[in-house]
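I am opening a notebook on a structure that is new to me, and I want to look up a pair of helices and a run of strands in turn.

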Amino acid sequence: MFHSHFVNLVTALVCSGFAVAQLHPFGPARYQPLPSLRERALIQDQWTAERIAKIPILLKKYNAQAWLFCHREHAEDTIWWSIKNATDFDTRRRTVLLFHTNESSLAGAPNPLKWIDNTGQVWPELRSTLEKFDPSRIVLNTDENIAFAGGLHAGELAVLQRELGEQWMKRTVNEPMLAVEFVATRVPGQLQYYQKMQESIWAMVEEGFSHKAIRPGVTTTEDLTWWFREKMQSLNVTTWFHPSISVVVGKSFPGWEGSENVIQEGDVLHIDFGITAMGLNTDTQHLGYVLRTDGASAETDVPRGFLDGLKKANRMQDILLENMKPGLTGNIVLRRSLDQLKLEDIEGQIYSHPIGDWGHDAGSVMGFTNLPEYVPVLGEFPILPNTYYSIELFASHFVPERNETLRFLQEEDVAWSNESQTWKFVHGRQERFHLIDSRKVSPPLFRDQTQA
């Protein structure tokens, strides 16, 4: 029933031209070099300047005239990481920032106004500035639920309360969507570099999930995890979480920490990893299959049951993206998607999130692994356009060749297209398994195995 529906749907989409534009052909990806670190810093600072220039518009949108930051070295406000220069690694002494709407006495003044101080001189100057500007609503990052809007440390809040007094503290407000929208919004120039990062991710998986890095019966999932870490290092990128690689068994999650299995022929491999570069993060989950090579059981492709499971996961991606309309809350999108899954008799779970400045970025989420149908607070935010999302989910499917139900986990990053008013995969999505064929040239033993 499902297979027939899926084929009809794909046929219709291809005929309309949508699928061709949306899906990247599964084929050899190439490592895409990024600019030198010096060039990256110039590019990143330009992006930051573009984003900061939009803060006055956001302040007016949320009916505020000022946004006040107060933080110290090693205790930076969460937002600082999205407004800093590329060559800054922590803030200096006590840094106070005042973003404003460029109105009245502050028209034409630097935005933000900035004080770096360890003597206390900042406070009379800040009070004098506020007297001239006279803002009626001053946003402080004091939210209890949203990390991006709750970065004001308790000690700094106490100092502000003492130094600003009731006159100004009674004008302070908590407006979490200001921080959320600022962090979530991408600028156009970022996409071309994000595409390069995504293709490098694919190239890395295609190499790592192949005979070039895996020797069945010898290589462990832990060996392979460190192969990916070393590969990132060679590409001059880093990561925001340690990769997890597991052998997929039963209906259990592979585990965010990975496993320590020796990889064998007939295994299904799962990887969850991301890279960090140029202030951007990726998040990807793919599946690989280790071909059997012995005698009559030798294989040239993954058994059909596994392919059908992956197709279900692909269909789930389609359903979610069709429902992800900007302005709708994450919970509404999730509910509509789950209802459609039920209509199509697909069993699975959705837990998708924004991505960008952070791996788990600001914005609305659609499900958590432990909250599969409704997410308080974060799920009630609206889906914002001009953002990136990680479409993260799994489909459950009975695989006859294994006589068990497996979870087919997938994750691909998408970007909002203003031209088509749709979400598009940044590089593509997995529609075929990565194949590990030990009949090809085997890799050398890993160093620790040689020593053993």
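Before I list partners, I note that two strands count as paired if DSSP finds at least two bridges between them. I also keep in mind that this is a predicted model.

**Entry 1: strand β13 and its partners**

I began with strand β13, residues 388–399, and found that 11 of its 12 residues are buried, so I record the strand as mostly covered, where buried means under 20% relative accessible area. I then looked up which strands pair with β13. Strand β11, residues 347–350, pairs with β13 in the antiparallel sense over four bridges, and within this pairing I found Gln349 opposite Phe394 of β13. Strand β12, residues 353–355, also pairs with β13 in the antiparallel sense, here over three bridges; the residue of β13 that serves as bridge partner of His353 is Ser390.

**Entry 2: from β13 to β14**

Next I followed the chain to β14, which pairs with β13 in the antiparallel sense over 12 bridges. Ser390, which I had already noted as the bridge partner of His353, stands opposite Asp413 in β14. The strands β13 and β14 form a hairpin with four residues between them, and in that turn I noted Asn403, whose phi is positive at about 55°.

**Entry 3: from β14 to β15**

I then asked myself over how many bridges β14 and β15 pair. Strand β14, residues 404–417, and β15 pair over four bridges, in the antiparallel sense, and Thr422 of β15 is the bridge partner of Ser417. These two strands form a hairpin with four residues between them, and Gln421 in the turn has a positive phi of about 55°.

Side chains were my next check, since in a regular strand they alternate between the two faces of the sheet. Along β15, residues 422–425, I found this alternation: Trp423 and Phe425 point to one face and are buried, whereas Thr422 and Lys424 point to the other face and are not buried.

**Entry 4: helices α9 and α10**

Last, I turned to helix α9, residues 190–208, and helix α10, residues 221–234, whose axes come within 11 Å and cross at roughly 140°. That angle makes α9 oblique to α10, and I recorded the crossing as right-handed. On the α9 side the contact involves Met204, Val205, Glu207 and Gly208, which meet Leu224, Trp227, Phe228, Lys231 and Met232 in α10. Sorting the residues of this contact, I counted six nonpolar, one polar and two charged.

Technical notes: Residues numbered from 1 in each chain as written. Predicted model: local features only at pLDDT ≥ 70, side-chain atom pairs only at ≥ 80, totals over all residues. Heavy atoms only, no water. Axes fitted to C-alpha atoms, helices over the stretch in contact; angles between N-to-C directions. Parallel < 35°, antiparallel > 145°, perpendicular 65-115°, else oblique. Left-handed = near helix turned anticlockwise from the far one by under 90°. Contact = heavy atoms within 4.5 Å. Nonpolar A, V, L, I, M, F, W, Y, C, P; charged D, E, K, R; others polar. Buried < 20%, exposed > 50% of the residue type's maximum accessible area, 1.4 Å probe, protein only.
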